[in-house]
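Please look over the sequence and the structure shown below before reading on. The paragraphs after it are meant to be read with the model open alongside.

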Amino acid sequence: MAGGFSVSASAGSQFEAKITPVVIISCLMAATGGLMFGYDVGGVTSMDDFLIKFFPKVYRRKTESKDSNYCKYDNQGLQLFTSSLYLAGLTATFFASYTTRNLGRKHTMLIAGIFFLVGVILNGAAQDLPMLIIGRILLGCGVGFANQAVPLFLSEIAPTRIRGGLNILFQLNVTIGILFANLVNYGTSKIHPWGWRLSLSLAGVPALLLTVGALFVVDTPNSLIERGRLEEGKAVLKKIRGTDNVEPEFNEILEASRVAHQVKHPFRNLLKRRNRPQLVIAILLQIFQQFTGINAIMFYAPVLFNTLGFKSDASLYSAVITGAVNVLSTVVSIYSVDRVGRRILLLEAGVQMFISQVVIAIVLGIKVTDHSENLSHGYAIFVVVMVCTFVSSFAWSWGPLGWLIPSETFPMETRSAGQSVTVCVNLLFTFVIAQAFLSMLCHLKYGIFAFFSGWVVVMSVFVLFFLPETKNVPIEEMTEKVWKQHWFWKRFMGDDDRVVDGDDKNNTQP
Ligand code: BGC
């Protein structure tokens, strides 16, 4: 099967492409860039030894437990530890935009790997809060570079017909990273007093995987051609597509790169009217992805389950369950994204997420009071089940598609800049949620789930009317086949084909 499967013209692509081992292996290696992102989401923040060393105030409050159930962990310093990674990442991605464009996808992944390695060393060896935070900032830079390069790499190197599935390998690694972190934290929380150190150091495993992987992968033909390495680009194209008949695809990439070269200011170009649809969608998808409330669950699953009255162990256990559901449901997405398409997945998930959140809000509203000891066993299990149905629907929709869609809809001339806006907005809103969640939980209580469910309605309506389907459309043909055909967005496209920087009229070719 592998190697012998051609993409047919009726599937929406006219290019001959086999699913070659080199494509699969390259994608598997590059996708490990998601592991680190995921691993950093899982937290050491509920480990007592960690709190005693770095956040003694939080520890005291937790043990004295005079606070309301919903307010135990509300501490800006602790939230800043979680958040510093995202602030660093969202800044770093603008530098990464430059490197993905000028040095290529491969080298940008390598830079990410090196940031990760140094960050892990500082974190594992941390003696005080500044060292801990600096390490975390370096990890954040790694996330900025990796999340910039990996989704682009995957979307460009994949044959059109399985582009969605291969791109989602990134998100699959994100979810494996989260699960791995949950498992490691479950184990290391029993090792006193340095379990947290082991937990932070084990991030070295995914860091090493990405660094080594980046050394071995070939760069994408699109990036090689964009950087003027035409022969090499063509050779790579032949190798990854498993055929010598690559002329049509090569010419299409060449044309895209000709247009790309006329663009002197990628970010300014991004603001042009004809790039509005992709830009608006990329930005909104990130905001929506974070306003599903997923990270409220992911970052603070242990904290949340503690709040619900689970004992410390049981809460990590529950976090492991949600982690496993997250991984398995992402596989569902890999299988179905190029079959049923992006829109169906998002719309189905909207309904499922809405119901789960409303039910959670109702149960907590009725059963958890500010100072009650425990949620009864039965209700606690019920809440975990609802959290799982929520996580599973996120995992086959907004999780992967928030990364897939922006990476595949921009034309080459704005792809790097577009992706960095994507990463920036994603991390910005991840930060906002991380920073606000514990305070929101403390003030809104169970209402926090009702808050997120309202957002789910808004995003689903947006998808219904404004998000075009991109399955089976070759990556360099999105403008013609998607944006110029869409009932709403076509008005932004004009007839001027692809005009470049307004201030660079001499470069505009007929
Ligand atoms: C999101 C992360 C989230 C993760 C959960 C990713 O797609 O960008 O913010 O933690 O999914 O699986």
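What follows goes from the chain as a whole to the surroundings of the ligand, and then to two individual residues.

The model is a predicted one, and its protein chain has a secondary structure that comes to 23 helices and zero strands. Of the 510 residues in the protein chain, 62% count as buried, while the chain exposes about 18,600 Å², of which carbon and sulfur atoms supply 68%. When the contacts in the protein chain with a separation of 6 or more are considered, residues 24 or more positions apart account for 81% of them.

Turning to the ligand, one can ask which residues come nearest to it among the 13 that surround it. These are Gln171, Gln289, Asn295, Asn326 and Trp403. By class, the shell around the ligand is made up of eight polar and five nonpolar residues, with no charged residues. At least two residues of this shell are supplied by each of helix 2 (33-41), helix 8 (163-188), helix 15 (276-291) and helix 20 (398-409), and helix 8 gives the most, with three residues.

At the level of atoms, a polar side-chain atom of asparagine 326 lies 3.0 Å from an oxygen atom of the ligand, and a polar side-chain atom of glutamine 289 is placed 2.9 Å from a ligand oxygen atom. For asparagine 295, an N or O atom in the side chain is 2.5 Å from an oxygen atom of the ligand. Taken alone, the ligand exposes 310 Å², and the protein buries 100% of that area.

Glutamine 289, already met beside the ligand, is found in helix 15. Is this residue buried or exposed? Glutamine 289 counts as buried because its relative accessibility is 3%, which falls under the 20% limit for that class. Leaving aside its neighbours within four places in sequence, glutamine 289 is in contact with Ile294, Phe394, Trp398, Gly399, Gly402, Trp403 and Asn426; Trp403 is also listed among the residues that come nearest to the ligand.

The second residue, threonine 188, has its place in helix 8, the helix that gives the most to the shell around the ligand. Threonine 188 has a relative accessibility of 4%, and therefore counts as buried. Once its neighbours within four places in sequence are left aside, threonine 188 is in contact with Met47, Gly195, Leu198 and Ser199.

How values were computed. Residues are numbered from 1 along each chain as its sequence is written. This is a predicted model: local features need pLDDT of at least 70, side-chain atom pairs count only at pLDDT 80 or more; totals for chains, interfaces and linings use all residues. Side-chain values use heavy atoms; hydrogens and water are left out. A residue is near a molecule or strand if one of its heavy atoms lies within 4 Å of it. A polar contact is a pair of N or O atoms within 3.5 Å; within protein, one must be able to donate a hydrogen and the other to accept it, and residues adjacent in sequence count only if both atoms are side-chain atoms. Accessible areas come from the Shrake-Rupley method with a 1.4 Å probe; for residues, only the protein chains shown count as cover. Helices (H or I, at least four residues) and strands (E, at least two) are DSSP runs, numbered from the N terminus. Ala, Val, Leu, Ile, Met, Phe, Trp, Tyr, Cys and Pro count as nonpolar, Asp, Glu, Lys and Arg as charged, and the others, Gly among them, as polar. Buried means under 20% relative accessible area, exposed over 50%, partly exposed in between (1.4 Å probe, protein chains only). Contact means heavy atoms within 4.5 Å.
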